Amino acid sequence: MSAALVWFRRDLRSYDHAALHHALKTHRPVHCVFVFDTTILDPLPRLDRRGEFILRAVEELAAALRAMGGGLIVRHGDARVEIPRLAAELGVAAVFANRDYEPGAMARDEEVERRLASTDFREFKDQVIFERDEVKTQGGTPFSVFTPYKNAWLKRLDPADLQPWPVEEYAAHFAPPRDDAALPTLQQLGFEATDLAELKLPTGMSGAQALFRDFTERIDDYAARRDFPAVKGTSYLSAHLRFGTISIRQLAAYAHAQSSRGAATWLAELIWRDFYHAILWHHPRVATQCFKPAFDALRWDHGPELFAAWCAGRTGYPLVDAAMRQLTHSGWMHNRLRMVTASFLSKDLGLDWRQGEAWFAEKLLDFDLAANNGGWQWAASTGCDAQPWFRIFNPVTQSEKFDAEGCFIRRYVPELAGVPQKFIHAPWTMRAAQQTACGVRIGHDYPLPVVDHAMARTRTLERFKAVRE
DNA sequence: TGAAATGTTGGGGCG
DNA sequence: ACGCCCCAACATTTC
């Protein structure tokens, strides 16, 4: 048996791991490596929480591999250079990795494969249940509408698709730990300490499992509770799915085995994730352009001050502002609010969805290009199976429906803490005396609405009418 | 995974 | 008793 190298990327776990399983099964000894990739990390802000989240996950991964008799080699540099160099140094016959579907990652992997020369580069499906063109229409074309995709996905699903890829039983094939496995510090990676610990977001595989265990107690209520940001209704697993500290097969298998409406609804969300990954793989152009080319002609407004107000959570619409502050404060935003704020940016402020997409990409701990892009194009009505362009969220109505008592608003917009429920969704409708009574001056302590929704709606309808068909 | 505009219906007040 | 109006409640259509 020849030696192999398993390259960890967005699959930071030591169980149910396709590349690790296949490497261990067919090679010996098997080395493991993680590269803190400077081409990815260096452009991030110094206070980005992802540096620490990844470091914590890699620490736990290294410990778990050591516990099985292996180890994790760690490099800090350009993966396109580090991986071929390490493969040559170790004299491995093959490099194993789990497939990544982002255009940039695919280009990187192709470059690595070229530089590996005679060393095999083997990639595996791991981060989704069905990848690329595995789910297609009867005519063999890719789906561009979710519901038929989901139906075909469910029909195609076989228990084998949800089986874990075992690791531990092949532990004897691990190469023993080397002496160059020391982890860099956060500072050496170029990041400053963040508030990740204060946020109490569980990290690593163990943190992911703890979150999942907690969610299994609530999954049956998911359908009924998921839309209310003040309620603990969602799984809070998104960042862990992003970095692979939990296995998609473990989650999908659990959800599929349940019979509740909540579990079925949550499984549909996991299928959305597969769907958007397939869309990005089939249509890499969506990363920078509208899925529907006709909408590339949309003339978005130029409004740097409006964009700044949106980012800062100072638009004057309480639910939008609470959501934007939740994002900055915690690196996460409730999914209902991702729709509300995305709709507000593109339909109320009239700004290019790519501006909002970029802000989310910078701020979200769970940022994933495929899902983020898909969600933004859905909200902006430029995407596949997007919401119709004339379907425009009313930020006040959404607030009344999904944060009726204003609990969520008051949590993130303390200026409005004293505003009575009757006015919490539209505080500018209070008379001066009422504002004084509840301790806030609208336009002074908290902004007046930066746009009028009714007028903005009319403008958006005109904007889209100009380019429809 | 909307909301607004418009249309319809039916109960109650009233002359 | 009856027609008329008002308007809430619901349904449909339009964007």
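**Figure 1. Arg132 and its loop in the predicted model.** Arg132 sits in the loop that runs between strand E5 (120-124) and helix H6 (146-156). This is a predicted model, and the backbone here does something worth a look: Arg132 has a positive phi of about 45°, yet it is not a glycine. Most residues other than glycine have a negative phi. Arg132 has 15 C-beta neighbours inside 10 Å, so it counts as partly exposed.

**Figure 2. Tyr236, another positive phi.** Here we are in the loop between helix H9 (222-225) and helix H10 (238-243), where Tyr236 is placed. Its phi is near 60°, a positive value in a residue other than glycine. Is Tyr236 buried, exposed or partly exposed? With 17 other C-beta atoms within 10 Å, Tyr236 is partly exposed.

**Figure 3. The cis peptide bond before Pro29.** Arg28 and Pro29 are joined by a cis peptide bond, with omega at about 0°. Most peptide bonds are trans. Pro29 belongs to the loop between helix H1 (18-26) and strand E2 (30-37).

**Figure 4. Ala182 in the loop between H6 and H7.** Ala182 is found in the loop that links H6 and H7. Why is Ala182 called exposed? Because it has 8 other C-beta atoms within 10 Å, and the cut-off for exposed is 12 or fewer. If you want a ruler across the model, the C-alpha atoms of Ala182 and Phe96 are separated by 22 Å, with their positions 86 residues apart along the chain. As for confidence, helix H7 (residues 196-199) has the lowest in chain A, at a mean of 92, while strand E1 (residues 4-8) has the highest, at 99. The mean pLDDT of chain A is 97, and 100% of its residues reach 70 or more.

**Figure 5. Thr341, inside helix H15.** Thr341 lies in helix H15. Thr341 counts as buried because it has 31 C-beta neighbours inside 10 Å, against a cut-off of 20 or more. Leaving aside residues up to four places away in sequence, Thr341 touches Val320, Ala323 and Met324. For a long-range distance, try Thr341 and Leu24: they are 317 residues apart along the chain, and their C-alpha atoms are separated by 46 Å.

**Figure 6. The buried side of helix H18.** In helix H18 (residues 395-402), the buried residues are Pro395, Gln398 and Ser399. They cover an arc of only 100° around the axis, so they sit on the same side of H18. The general rule fits on one line: an α-helix has 3.6 residues a turn, so residues three or four places apart point the same way. What do the buried residues of H18 pack against? Their partners are helix H14 (318-330), helix H15 (335-348) and helix H22 (453-465).

**Figure 7. The protein surface around DNA strand B.** Trp272, Met339, Gln387, Phe390, Arg391, Ile392, Phe393, Asn394, Thr397 and Gln398 surround DNA strand B. Sorted by class, the surface near DNA strand B has five nonpolar, four polar and one charged residues.

**Figure 8. Where domain 1 meets domain 3.** The domain assignment splits chain A into domain 1 (4-126), domain 2 (128-162 + 206-282) and domain 3 (293-465). Six residues of domain 1 are in contact with five residues of domain 3. On the domain 1 side of that contact there are three nonpolar, no polar and three charged residues. The centres of domain 1 and domain 3, taken over C-alpha atoms, are separated by 39 Å.

Notes. Residues are numbered from 1 along each chain as its sequence is written. Chains are lettered from A and ligands numbered from 1 in the order in which they are written. This is a predicted model: local features need pLDDT of at least 70, side-chain atom pairs count only at pLDDT 80 or more; totals for chains, interfaces and linings use all residues. A residue is near a molecule or strand if its C-beta atom, placed from the backbone, lies within 6 Å of it. Ala, Val, Leu, Ile, Met, Phe, Trp, Tyr, Cys and Pro count as nonpolar, Asp, Glu, Lys and Arg as charged, and the others, Gly among them, as polar. Domain bounds come from an automatic or database domain assignment. Two residues are in contact if their C-beta atoms, placed from the backbone, lie within 7 Å. pLDDT is the predictor's confidence in each residue, from 0 to 100. Helices (H or I, at least four residues) and strands (E, at least two) are DSSP runs, numbered from the N terminus. The arc is that of the directions from the helix axis to the C-beta atoms.
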